[in-house]
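Colleague: I am new to this structure and should like to learn how its features are read. Could you guide me through some of them?

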Amino acid sequence: MSRSAIVIGGGLAGMLAAAALSQSVDEVTVLERDTLPDGPQSRRGLPQGRHAHILLPSGREAIERLIPGVSIRKRLLAAGGSEVSLTSSMVTLGPEGWFRRWRHDSHLLTTCSRDLLDWTVREAVLGIAGVTLHSGNVVALQGSGQHVTGVRITAPDGQEADLSADLVVDASGRGSRAPHWLAALGITDIPESIVDSGLVYASRLYRIPEGAEKFPTTQVTADPFASEPGRSALLLPIEDGRWLVSLGGTRGGEPPANAVDFVRFALGLRHPIVGQLISGAEPLSDVVINRSTRNSRRYFEKATTWPEGFVALGDAIATYNPVYGQGMTVAALGARALHHELCQTGIAAPGFARRVQRAAAKPVEAAWTMSTSQDRWFPDVQGNPPTIADRLLARYTRRMTRVATSSYRVSNAMCAVTTMQEDAIRLVRPSLLLATLAGPVLPALSGPPLTQSERAILHTLDRTR
Ligand SMILES: Cc1cc2nc3c(=O)[nH]c(=O)nc-3n(C[C@H](O)[C@H](O)[C@H](O)COP(=O)(O)OP(=O)(O)OC[C@H]3O[C@@H](n4cnc5c(N)ncnc54)[C@H](O)[C@@H]3O)c2cc1C
C-alpha cells in the first residue's frame, strides 16, 4: 500500500524529517510558506540565519546518517566550511577562565554560515526520489484528537486547500502553532515551560584581514554566576574569507544595534580579544539583531492522549539559548528518532506517533537541562528560580569547569556532554568526581592561549593600542 507524509516547514528539521521519511514512505511533501532561495542565501523565514551557528559533532553525524549516499560534511568542507576541534583549536574564555588548547583533536564542530548549511542539506534532500517541495502556509490540522489525517493550507494565491497524508510532521520552528492546532482537535493539556534571560544577539560580517586567515575561532563566554548581565562574543571564520561575529547580552546587558558601539561592546567584555581582532577589520554587513533566544519547551510527550499521524520536531518542540549551539543538533537527533521508529514498526503501526514524540523528547531534555541550568542564574531571568538541587549541581559544575581549564581528561569529558555525544551521567563517574574534588592540576592561564604567530596577528590587527 502506498504511504504518504506531509512535513510542515522546509527548514533544517523539516528537510531532515523528509530525509528520514523518504526511506520508508513513497511520497513526502514538504510545505513551506517562505520563498526558499536557490543557493546559500539568507531568507525572511529564517532570521536567525544571519547569526553565528555551530553544528555539534552529534548533529553532524546524525545528518550524515539521515542522508545516505551524500556526505553533507564533505560538501560543506568543499564549499569553504571548516571543522574546529573544541579541545585543540578554539580559543575560549569560559566562566572559570581560559581553556587550554591540548594537542588532541577531538569534538569537531562544523562551522560555516547557516545559509550554506541549510542550502547544502536542502539540495541533497530535494534530490531524493519521492521528496517534493510545495509552497503553502499550513493553517490547521485535519482529522480528530485520535487521528490526524492531513493539513489545511493557504496557497500563495490565497486559495485554501486540504491535503491528506498518513503522517504529518510539524517542523515549522519556534513559531509553530501546533498547540493551537491540537487544541482545535480537543488536545489541550500540553504543559509548557519558559526560562528567559532576555538574551539579545547582535551580529556583523567582516572580511578576514590579510594574514589572519588562520586565526582560530574565538569565544568569550558570559559568566552566569557573576550576578550581573551575561555578555559574550563569538568570532567565527566562515566560508568566503569572512568572520561572522555574534555578540550576546542578557537582560540589562544587551549589545548595541549600531556599528560604532558594536566594537566597543566587544572590547568591554571579560576580555577584549574579539573587539581587538575586529577593531580594524572591514565590515561587510550592517549589525543585525535577534531577540528570539529564550528557552521555551512544549512537553508534547506528556499529553494525556496523542493522535496517531502527528509528530512535532525541531524548534516546534523546544528552543534553547543559542549560545550553547544545540538547536540544529536536537533537530537532527529528533529526525534520527523518527527514522529509528520507522525502521522498527513502520508509519501505520498503532502508537507510532506517540513513540516518536517520546523518543524525540530525549535529546530535547538533555539540551534543555544544559541550557536552563546555566540561564537560571542570570539576573532578572523569567522562569522558575534555581532549586536547592540546582544550587548543588551548579557548585559541582563550576568546580569541574575550573578543573577542565587545566586537565585534558576533564575537559574532554565535559566536551563530550556539552556537545551531546554522551549523557550528563558521565560527569558524575567516580574518576571524574575525584578529579573535580581534587581541584585544578595546573595554574590558571593569565591570557588567551595563542601561538606566537597568532599573538603577532592579534598585535597587528589591534587598533585600540
Ligand atoms: C540567534 C540564534 C543563533 C543560533 N545559533 C545556533 C547554533 O549555533 N547552533 C545550533 O545548533 N542552533 C542554533 N540556533 C538554533 C537554530 O537556529 C534552530 O534550532 C533551528 O533553526 C531549528 O530548525 P527548525 O527547522 O526546527 O526551525 P526553522 O529553522 O525556524 O525552520 C522552520 C521553517 O518552517 C517554516 N514555517 C513556519 N511556519 C509555517 C507554516 N505554518 N507553514 C509552512 N511553513 C512554515 C518557516 O518558514 C521555516 O522555513 C540559533 C538560534 C538563534 C535564534
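Modeller: Certainly. Please keep in mind that this is a predicted model. Let us begin with Glu239, which lies in the loop between β16 (231-238) and β17 (242-249).

Colleague: Is Glu239 buried or exposed?

Modeller: A residue counts as buried when its relative accessible area is under 20%. Glu239 has a relative accessible area of 5%, so it is buried. Its side chain makes a polar contact with the side chain of Ser113, at 2.5 Å. Beyond residues up to four places away in sequence, Glu239 touches Ala79, Gly80, Gly81, Cys112, Ser113 and Leu116.

Colleague: In which order do the strands of the open sheet stand?

Modeller: The open sheet has 7 strands, in the order β6-β5-β15-β16-β17-β14-β18, and their pairing is mixed. β6 and β18 (288-290) are at the edges with a single partner strand each, so one side of each has no neighbour in the sheet. At one of these edges, β18 runs antiparallel to strand β14 (residues 200-207), to which 3 bridges join it. Ser203 has Val288 in β18 as its bridge partner.

Colleague: Which strands pair with β5, and in which sense?

Modeller: β5 runs parallel to strand β15 (residues 218-220), and 3 bridges join the two. Thr92 has Gln219 of β15 as its bridge partner. With strand β6 (residues 97-98), β5 pairs in the antiparallel sense over 2 bridges. Gly94 stands opposite Gly97 in β6, and a hairpin joins β5 to β6 through 2 residues.

Colleague: Which way do the residues of β5 point?

Modeller: In a regular strand, side chains alternate between the two faces of the sheet. In β5 (residues 91-94), Val91 and Leu93 point one way, Thr92 and Gly94 point the other way, and all are buried.

Colleague: How should I read helix α2 (residues 57-66)?

Modeller: One may ask how many of its residues are buried. In α2 this holds for 7 of the 10 residues, so the helix is largely enclosed by the rest of the structure. The buried residues are Pro57, Ser58, Gly59, Arg60, Ala62, Ile63 and Leu66.

Colleague: Which salt bridges involve residues of α2 such as Arg60 and Arg65?

Modeller: The side chain of Arg60 meets that of Glu83 in a salt bridge of 3.8 Å, N to O. This pair links distant parts of the chain, with Arg60 in helix α2 and Glu83 in strand β4 (residues 82-85), 23 residues apart. Arg60 is buried, at 16% relative accessible area, whereas Glu83 counts as partly exposed at 24%.

For the second pair, a general idea helps. An α-helix has 3.6 residues a turn, so residues three or four places apart point the same way. Arg65 forms a salt bridge with Glu61, with the closest N and O atoms 3.8 Å apart. Arg65 and Glu61 are 4 residues apart in α2, so about one helical turn separates them. Arg65 is partly exposed at 48% relative accessibility, and Glu61 is partly exposed at 43%.

Colleague: Where does the surface show a nonpolar patch?

Modeller: Ile425, Val428, Leu433 and Leu437 make a nonpolar surface patch of about 370 Å². Of these, Ile425 lies in the loop between α11 (408-418) and α12 (430-438). Ile425 is exposed, with a relative accessible area of 62%.

Note on methods:
Residues numbered from 1 in each chain as written. Predicted model: local features only at pLDDT ≥ 70, side-chain atom pairs only at ≥ 80, totals over all residues. Heavy atoms only, no water. Buried < 20%, exposed > 50% of the residue type's maximum accessible area, 1.4 Å probe, protein only. Polar contact = N/O pair within 3.5 Å; in protein donor to acceptor, adjacent residues only side chain to side chain. Contact = heavy atoms within 4.5 Å. Pairing = 2+ DSSP bridges. Patch = residues over 30% accessible without salt bridge, like charges linked within 9 Å, V, L, I, M, F, W, Y side chains within 5 Å. Areas by Shrake-Rupley, 256 points an atom, 1.4 Å probe, with all protein chains shown as cover. Salt bridge = Lys/Arg side-chain N within 4 Å of Asp/Glu carboxyl O.
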